[in-house]
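This briefing reviews one structure under three topics: the overall form of one chain, the contact between the chains, and the contact between domains within a chain. The sequence and coordinates are shown first.

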Amino acid sequence: MSDQRELVYNVLKKLEKEGVLKYLIVVGGWCVFFYRHHFKEAQMLPPIRTRDIEFDVSRLKKVFHKVDISATLKEMGFIEDFQASEGFVRFLHQDIIIEFLAPETGRGQEGPYKLPGFGINAQTIRYLNFLEEEIIAVKYKDLSIIVPHPAIFAIHKLIVSERRPLKNIEKSANDVRQALAVLDMLENMGEINKIKKILSGVPRGWLKLIKSSLVKTKETDRLNRYL
Amino acid sequence: MNIFSNMLKEELENSLKIKERFLSELNEVPVGSLNIKNIKGHPYYYLNIREGDKVKSQYLGKLSKAQIKEYKDLENKRKKYRQSIKELNQQIKYLRRVLNVRSA
């Protein structure tokens, strides 16, 4: 596992040197790892257990110099895994899988999010723009990593846990576990008003998903606290 | 326990898939390592290729700096891929032992 963390650090460091790290948002399970490092109240968060590290690349359009991210990762021993049917790429290593994501801009949007200046095509997914609504920079060693605000992260996890297919029941349970742990951290930090504020702004359909997720996990008392 | 073992199964499946991809990438990298012999102060470039127990040497003629770098890069790439496959084999062995799964 320490090899995995070292590799992730090396990848991030390389992306920083290439001048693109500050435009990438780390989304997915690795956020919890960075919260653990950044917030002193986050020591109770579960340790990272995922091989996939996901980056939201939609802010890369602000970068005007070309960076061949694909070549950079290949130099580090990654291999490119082109998903021919959907047109996006992932980068495989024995310890981690790097995925690039972008928000789906319309229902059933076809094709990947193309970033020819960076040698990558990103996968488009729903609800990702929610993670972009409030981002923060967290310190990890000598790096500054951009992640969603923990409250946004947790609420997003509750939403996606309800949207996963039935066969992904473990992933769904893991989403909820991570969400609840981050919500607990925020409550310990006295940030309950932040959770309330974000929840008051989400569309009604999403709120239904959030409620359903909390009811299923017998966490209904949270609904009383947050709504 | 079920959730835990399902996660490990998923890890095993991922490791097997990634290993397959590394093996196929490795097969795409041309074989041979660059050998530079210094004869009477002049460098002579050979490509050493293992064929079974024997190593065959193929004279490459004069190489530019860019060509030498290309050969070295390919060697490094092969080394990295072999190392990745070795580590994946260890992961697979470990996961199979934990899950009590026999190799196919």
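Chain B has a radius of gyration of 20 Å, whereas a compact globule of 104 residues would have one near 13 Å. The C-alpha trace of chain B spans about 70 × 30 × 20 Å along its principal axes. The model is predicted, and the points below treat chain B, its interface with chain A, and the two domains of chain A.

**Chain B**

- The secondary structure of chain B comprises 2 helices and 3 strands.
- Read from the N terminus, these elements follow the order α-β-β-β-α.

**Interface of chain A and chain B**

- Chain A contributes 18 residues to the contact, and chain B likewise contributes 18 residues.
- About 1500 Å² is buried between chain A and chain B, with carbon and sulfur atoms giving 53% of that area.
- Of the area that chain A buries against chain B, 42% is supplied by Arg51(A), Ile79(A) and Gln94(A), more than by any other three residues.
- The interface of chain A and chain B holds 3 salt bridges.
- One of these joins the side chains of Arg51(A) and Glu11(B), at 3.7 Å from N to O; Arg51(A) is also among the three residues that supply 42% of the area buried by chain A.
- Polar contacts across the interface of chain A and chain B number 10 residue pairs, both residues of each pair being at pLDDT 80 or more.
- In chain A, strand S3 (79-83) and helix H6 (169-188) each provide at least two residues of the side that touches chain B.
- H6(A) gives the largest share of that side, with 4 residues.
- By class, the side of chain A that touches chain B consists of 6 nonpolar, 3 polar and 9 charged residues.

**Domains of chain A**

- Chain A is divided into domain 1, covering residues 1-148, and domain 2, covering residues 150-227.
- The C-alpha centres of domain 1 and domain 2 of chain A are 23 Å apart.
- The contact between these domains draws 19 residues from domain 1 of chain A and 21 residues from domain 2 of chain A.
- Domain 1 and domain 2 of chain A bury about 1800 Å² between them, and 75% of this lies on carbon and sulfur atoms.
- Within domain 1 of chain A, the residues that lose the most area to domain 2 are Glu41(A), Tyr127(A) and Phe130(A), which together account for 38% of what that side buries.

**Polar links and composition at the domain interface**

- Between domain 1 and domain 2 of chain A there is 1 salt bridge.
- The side chains of Lys194(A) and Glu134(A) form a salt bridge at 2.7 Å from N to O.
- The count of polar contacts between domain 1 and domain 2 of chain A is 2 residue pairs, both residues of each being at pLDDT 80 or more.
- Helix H2 (30-38) and helix H4 (128-131) of chain A each supply at least two residues of the side of domain 1 that touches domain 2.
- H2(A) provides the largest share of this side of domain 1, at 3 residues.
- The side of domain 1 of chain A that touches domain 2 of chain A is made up of 12 nonpolar, 2 polar and 5 charged residues.

Key. Residues numbered from 1 in each chain as written. Chains lettered and ligands numbered in written order. Heavy atoms only, no water. Contact = heavy atoms within 4.5 Å. Buried area = accessible area lost by both parts, 1.4 Å probe. Salt bridge = Lys/Arg side-chain N within 4 Å of Asp/Glu carboxyl O. Polar contact = N/O pair within 3.5 Å; in protein donor to acceptor, adjacent residues only side chain to side chain. Nonpolar A, V, L, I, M, F, W, Y, C, P; charged D, E, K, R; others polar. Domains from an automatic or database assignment. Rg over C-alpha atoms; globule rule 2.2 N^0.38 Å.
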